[in-house]
Amino acid sequence: EHVASEAANPLSEGGRVERLTLGVAMDSLGHDLRGALGGLTPSLPSDPVATPGGVDPIATKLRQQHLCWLCLSCAAEGSRLQHCARCNIAAYCNKQCAQADKAKHKLECANLGERAKELRAARRERGGQRSTLRQDNDNTLARIVSFTEVPGLRNEAELLAWKHRRETPIIYVAARLSGKITTQTFFRSSWHDDPDFLQYFNAGFRQQMRQYFDGPSFAGQDKAFMTAYFTEDPGGVHIMTTAGSAFSPHHRIVRGTEIVEALTTAIRAEDLADAFAWFEIMCTSPDDLQDRLEFIRYRTTLVHGITTPPGSIPIPTRSLNNEVAFFMFNWGLQLEFDVRLEGLVSAAHLNGREGVILNQAVDPRRWRALLDDGSYVSVKAVNFVHIRRGEYRRRSTSVHLGPPHECTSG
């Protein structure tokens, strides 16, 4: 993540918004963001990160994923990006990139350093602890990582940004005191008259964003987007950090949703083959990949009665495609899987009802669904069809299952 920053006007009466400029963090929150988010942790496995010298592991992890300001590449395996010695904010993957960007960065370097000093001085005046620029930067990175640890949140933001990429969007993600996280999309065309945008972002930030999107450091609409992370704090200190993020490699998040849409609208062997190939990209290890694909093949035989030779792609069916699509949303993308019920016989009154699939029922042939009226049902994969209801949404983590109503298919 190419960390930038900002500041908005106070969002609540008597509140205060800390101004963060290009990766320089101010006061550490008295209540860490992860606490405000209920201690959520990622569902996907991740490799351990080395922490030499006692560096915060969260900040170290994100810095290793931090993008070079010139070529948008990540740091090499086992290394970290090299920061500008003057401002300690601009980062590069190697000396060649730093040298190539020297002339352009020189125009902003001194300004970044001065802003950092001003912000740190203002904090000391309020009694804040002294810290180095690197520690400030680590604090900012840690806040962003805390957001990225919310299952599906980054994917939700990336899909919003991709859908509206031609409109140069800023994805605004806010963590409220209630623990609720909201997302909002602001298009560049509305920066001058959208009342919410004018409330959240001041004139300095708007000018900074114009320079970013118009400047050479912006990789392009198909390669990067901007996310603004806002945190409410009980003490009235609100912090906002912005980050220029690269779309996932090979647009694998977007590609995952395209495969799901194909799987659930037709029955074609190539769509199932695409899904298996997508799992190969998303899995973190060969063992992880084998476990997931073998599970699908196992269900193909046990539940759907189709024998699949080892290492081959199963024969597609509507119910199998629905299940594979759900696995992609639930595991790989961590998004809600919206469905409409149909084809029910004994519970025909439920046909046409909509909701989300939660997980596998006790009966391995069935799936638990939460309907929009708050009721739970247990249905077979042949009795639901995937639907789109507005924007993609991250998967809920606070669902408490009640006793499902068993529905019999026709």
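**Salt bridges, cores and strand pairing in a predicted model**

Arg366 and Asp363 form a salt bridge, with their closest N and O atoms 3.7 Å apart. The model is predicted. Arg366 counts as buried because its relative accessible area is 8%, below the 20% limit. Asp363 has a relative accessible area of 21%, and is therefore partly exposed. A separate description applies to Asp338, Arg340, Glu354, Asp372, Arg389 and Arg393: salt bridges with shared partners join these residues into one network. Across the whole structure, a search finds 21 salt bridges. Side chains of opposite charge can pair when their charged atoms come close.

Arg366 also belongs to a strand pairing. Strand β11 covers residues 366-371. Its partner is β12, and the two strands run antiparallel, joined by five bridges. Within this pairing, Arg366 stands opposite Lys380 of β12. The two strands form a hairpin, with four residues between them. Gly374 lies in the turn and has a positive phi of about 95 degrees. Strand β12 spans residues 376-380 and is mostly covered. Four of its five residues are buried.

Two further salt bridges lie within helices. In helix α9 (residues 252-263), Glu258 and Arg255 are three residues apart, about one turn of the helix. Their side chains meet in a salt bridge, at 3.5 Å from N to O. Glu258 is partly exposed, at 42% relative accessibility. Arg255 is partly exposed as well, with a relative accessible area of 33%.

Helix α11 holds the other pair, Glu294 and Arg297. These residues too are three residues apart, about one turn of the helix. Their side chains form a salt bridge of 2.9 Å, N to O. Burial divides this pair. Glu294 is partly exposed, at 35% relative accessibility. Arg297 is buried, since its relative accessibility is 9% and the limit is 20%.

Helix α11 runs over residues 286-302 and includes Leu302. Together with Phe295 and Tyr298, Leu302 makes a nonpolar surface patch of about 310 Å². Leu302 counts as partly exposed because its relative accessibility is 48%, between the limits of 20% and 50%.

The interior was examined next. The largest nonpolar core contains 56 residues. Phe279, Val324, Met328, Phe337 and Phe384 touch the most other members. Helix α12 (residues 318-333) gives this core its largest share, nine residues. Apart from this core lies another, of 18 residues. Phe186, Phe197, Tyr200 and Phe201 are among its members.

Met328 was followed in detail. Neighbours within four places in sequence were left aside. Met328 is then in contact with Gly256, Ile259, Val260 and Leu263, among others. Its list of contacts also includes Ala275, Trp278, Phe279 and Leu333. Phe279 thus appears twice: as a contact of Met328, and among the residues that touch the most other members of the largest core.

Helix α6 (residues 153-163) is largely enclosed by the rest of the structure, because nine of its eleven residues are buried. The buried set includes Leu153, Leu159, Leu160 and Trp162. Ala157 and Ala161 are also buried. So are Asn155, Glu156 and Glu158.

A loop position was also examined. Ser79 lies in the loop between α2 (57-65) and β3 (82-83). Its relative accessible area is 29%, so Ser79 is partly exposed. Ser79 and Cys93 are 14 residues apart along the chain. Their C-alpha atoms are separated by 9.2 Å.

Totals for the protein chain complete the description. The chain has twelve helices and 14 strands. Of its 410 residues, 51% are buried. Among contacts with a separation of 6 or more, 61% involve residues 24 or more positions apart. The chain exposes about 18,900 Å². Carbon and sulfur atoms supply 51% of this area.

Notes: Residues are numbered from 1 along each chain as its sequence is written. This is a predicted model: local features need pLDDT of at least 70, side-chain atom pairs count only at pLDDT 80 or more; totals for chains, interfaces and linings use all residues. Side-chain values use heavy atoms; hydrogens and water are left out. Buried means under 20% relative accessible area, exposed over 50%, partly exposed in between (1.4 Å probe, protein chains only). Two strands pair if DSSP finds at least two bridges between them. Patches are made of residues with over 30% relative accessible area and no salt bridge: like charges are joined within 9 Å, nonpolar side chains (Val, Leu, Ile, Met, Phe, Trp, Tyr) within 5 Å. Accessible areas come from the Shrake-Rupley method with a 1.4 Å probe; for residues, only the protein chains shown count as cover. A salt bridge is a side-chain nitrogen of Lys or Arg within 4 Å of a carboxyl oxygen of Asp or Glu. A nonpolar core is a set of buried Ala, Val, Leu, Ile, Met, Phe, Trp, Tyr and Cys residues joined through side-chain atoms within 4.5 Å. Contact means heavy atoms within 4.5 Å.
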